[in-house]
Structures are given as C-alpha cells and as structure tokens.
Amino acid sequence: MFVWSTAQAKRLLVGPRKQDKEDDQEEQPREGGQGAIRRTAAAARNLPVSCDVERGGGCEEGGRGDGMVMEEEEEEEKEEEEELKDEEEMWVGERLLDLGAGDGHVTQVLAAGSVQVDVTEASPVMRRRLRDKGYRVLDVRSWIQESGDLQYDVITCLNLLDRCDTPKTLLRDIYRKLAPDGTLVVALVLPFSPYVEYGAADNLPSEELGITGSTIEEQVNSLANEVFPSLGFQLDRWSRLPYLCEGDLDQAFYWLPDVVLVLKKMEISEDNLYSPSMQELARDVNLKLDL
C-alpha cells in the first residue's frame, strides 16, 4: 500500500503554485492600517467600503458606531477564512490520468484537484471499484487509443514501472500523452527490483529500465541523470514516502522506501525518443541538474 496524504501531495505538486499566488499578492499595492483591510474585503465583494449590507443602510467613509465596526470585523474574519480555504485547496490539473490506479485510494487524493480523471488498472475487481467511484476506466493495452487526441496535465505512474513488462515503452507513451507543460509523477520502491505480475512466465520484464547503482541514492541519481532524461523527462523535485506491503509469519507488514519523483516534459522531437542520440541529451541535462 502506497501511503500518500493530501498534505504530502500538496507539498510535491501544489507548493510552487501557492508560492506564485503569495508573490502576486505581495506585488499588489496596499494601504496602511485597518482601513486597508476593510477596503480589500469590500472590494472583493464589489461593494463600497462603508456599505451596511446587513441593515440595508447607506454608504459612507466614516462616522459609524461600534455595532458597525463589530460587523465589519466579523466580515473581515470570514473573508480571511475564505482566503485561507482557497489557498489550502489543491489544484493538480484539469485532466489527470492515473496509470495502475489500484483501488483508487491515491487517485481520490489527487482527484480533488482535477476536473477530469481517467484511470487504468489490470485487476477486474479494482476496475469495478474505480468505476463505482466515478472514474473513467481505460483499457491497460489501448488507453492511448481510447483517450484519442486528449493530452493530460498530470499523469501519475505510482509503483507501476517495477510491475510493468515494458517500462520504457510505457514512458514513451506517457511522453506522447502528456501536455507540453504537464507533470509526470513516478513512484518507485528502491532499490529497484522488478516483478511482472501479468504476462510474463518468469515474472521478469522484457525491457530493462536501465537503472544503475545499488543504493537508494545511487539509483535516484541514475533515474534523474540517465533514465528519465533519455526518455524526455527532467526531474523537478523528489521525496521519500513509506510503502507498506503484506508481511509473513515473522512480521505483520513490511515498510519499504518509496521514492516519488515529479518530472517535467522536455521539448524534444518524439522521433528522438527512439534514437540513441537521446543518451547525449541525457548527459547534457545531467550538467544542469543539481542533486
């Protein structure tokens, strides 16, 4: 089970957007004193500063009693609460695609910040649950064709690459369906140990992802500097989260380190995704990354 709370998702996906909003607010001209707060709250409702909304009275700049001041303070508090609530709302992107969505628990965390949510899942039981939750379920083999010309703002691939028979092909397909300014979120249990649950007799993938190194740190560096740049993605930020899996007679469950990487789409020709020259591009990107 992949453990990802709403707060963690906000820190990884929404942090820069919230900071931009705060910077925009700082650039706006402000008046000093309590009157400035009053004017801001009133302007947000397109009302004159001194309108007595509750009593239907006239509007003036000053000369009101204590009762009006108290009403204004209450309105200011409500405005501040609404502003805080708006800042706390999570916006992921208009179109979200969750590949290998499982039971939809993590999908539900991200769906709160999206308008359209599509998912894929190999398990028939899980597909039924996902449909019951209102998500559009695409086929795991033909999701590109089913989605048509649609490009997604955010695509999540959480703990799927190590269970996929052709992980490189999947990442190339993701590149094609991700919007130019879109975000790819990948989660991987490291150290990397692939195990294909469906379609492989020996449970080994037919494609190697190409991760080098033995420690978590070495493999993160390999993913950031070699694997993802060679497939058209550049690392933006990353974190570690717990992954809980079924235990045995000795231990009820096991805790594994899950690395979550947020990646941006690089501007390259799709033909280059299948070309060895992408290895040279990966080395160029490596010089710009600061890990």
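Here, buried means under 20% relative accessible area, exposed means over 50%, and partly exposed covers the values in between. The structure is a predicted model.

**Exercise 1. Classify Glu-208, Asn-159 and Asn-203 as buried, partly exposed or exposed.**

Solution.
- Step 1. Glu-208 has a relative accessible area of 69%. The cut-off for exposed is over 50%, so Glu-208 is exposed.
- Step 2. For Asn-159 the relative accessible area is 14%. Buried requires under 20%, so Asn-159 is buried.
- Step 3. Asn-203 has a relative accessible area of 22%. This value falls between the two cut-offs, so Asn-203 is partly exposed.

**Exercise 2. Locate the backbone features of the loops, starting with the peptide bond from Leu-190 to Pro-191.**

Solution.
- Step 1. The Leu-190 to Pro-191 peptide bond is cis, and its omega is near 0 degrees. Pro-191 sits in the loop between E5 and H8.
- Step 2. Asn-203 is found in the loop between E5 and H8. Its phi is positive, about 65 degrees, although Asn-203 is not a glycine.
- Step 3. Asn-159 belongs to the loop between E4 and H7. Phi of Asn-159 is near 55 degrees, again a positive value in a residue other than glycine.
- Step 4. Glu-208 also has its place in the loop between E5 and H8. From C-alpha to C-alpha, Glu-208 and Pro-167 are 7.4 Å apart in space, while 41 residues apart in sequence.

**Exercise 3. Describe helix H8 (residues 216-230) by its span, its kink and its burial.**

Solution.
- Step 1. H8 has 15 residues and reaches 20 Å from its first C-alpha to its last. The expected span is 21 Å at 1.5 Å a residue, and the reach of H8 is close to that.
- Step 2. A kink of about 40 degrees is centred on Leu-223.
- Step 3. In H8, 11 of the 15 residues are buried, so the helix is largely enclosed by the rest of the structure. Among the buried residues are Ile-216, Val-220, Leu-223, Asn-225 and Phe-228.
- Step 4. Just after H8, Gly-232 takes a positive phi of about 95 degrees.

**Exercise 4. Which residues of the largest nonpolar core touch the most other members, and which element gives the most to this core?**

Solution.
- Step 1. The core has 36 residues, of which Leu-161, Leu-170, Ile-174, Leu-184 and Phe-233 touch the most other members.
- Step 2. At least two residues each come from E1, H6, strand E4 (152-158), H7, strand E5 (178-189), H8, E6 and strand E7 (253-265).
- Step 3. H8 gives the most, with 6 residues.
- Step 4. H7 has 8 of its 11 residues buried, so H7 is largely enclosed by the rest of the structure. Its buried residues include Leu-170 and Ile-174.

**Exercise 5. Characterise the largest pocket by its space, its lining residues and their classes.**

Solution.
- Step 1. The pocket holds about 1700 Å³ of space.
- Step 2. It is lined by 49 residues, and those closest to its centre are Gly-100, Glu-121, Leu-160, Arg-163 and Glu-197.
- Step 3. Elements that give two or more residues to the lining include strand E1 (93-99), helix H4 (105-111), helix H5 (124-132), helix H7 (167-177) and strand E6 (233-246).
- Step 4. By class, the lining has 24 nonpolar, 11 polar and 14 charged residues.

Conventions: Residues are numbered from 1 along each chain as its sequence is written. This is a predicted model: local features need pLDDT of at least 70, side-chain atom pairs count only at pLDDT 80 or more; totals for chains, interfaces and linings use all residues. Side-chain values use heavy atoms; hydrogens and water are left out. On a 1 Å grid over the protein atoms alone, a cavity is a set of points where a 1.4 Å probe fits but cannot get out, and a pocket is an open set with protein on both sides within 12 Å along at least five of seven lines; lining residues have an atom within 4 Å of a point. Grid points are joined across faces, edges and corners, and a volume is the space filled by probe spheres set on the points. Helices (H or I, at least four residues) and strands (E, at least two) are DSSP runs, numbered from the N terminus. Ala, Val, Leu, Ile, Met, Phe, Trp, Tyr, Cys and Pro count as nonpolar, Asp, Glu, Lys and Arg as charged, and the others, Gly among them, as polar. The expected span of a helix is 1.5 Å times one less than its number of residues. The bend at a residue is the angle between axes fitted to the seven residues ending there and the seven starting there. Buried means under 20% relative accessible area, exposed over 50%, partly exposed in between (1.4 Å probe, protein chains only). A nonpolar core is a set of buried Ala, Val, Leu, Ile, Met, Phe, Trp, Tyr and Cys residues joined through side-chain atoms within 4.5 Å.
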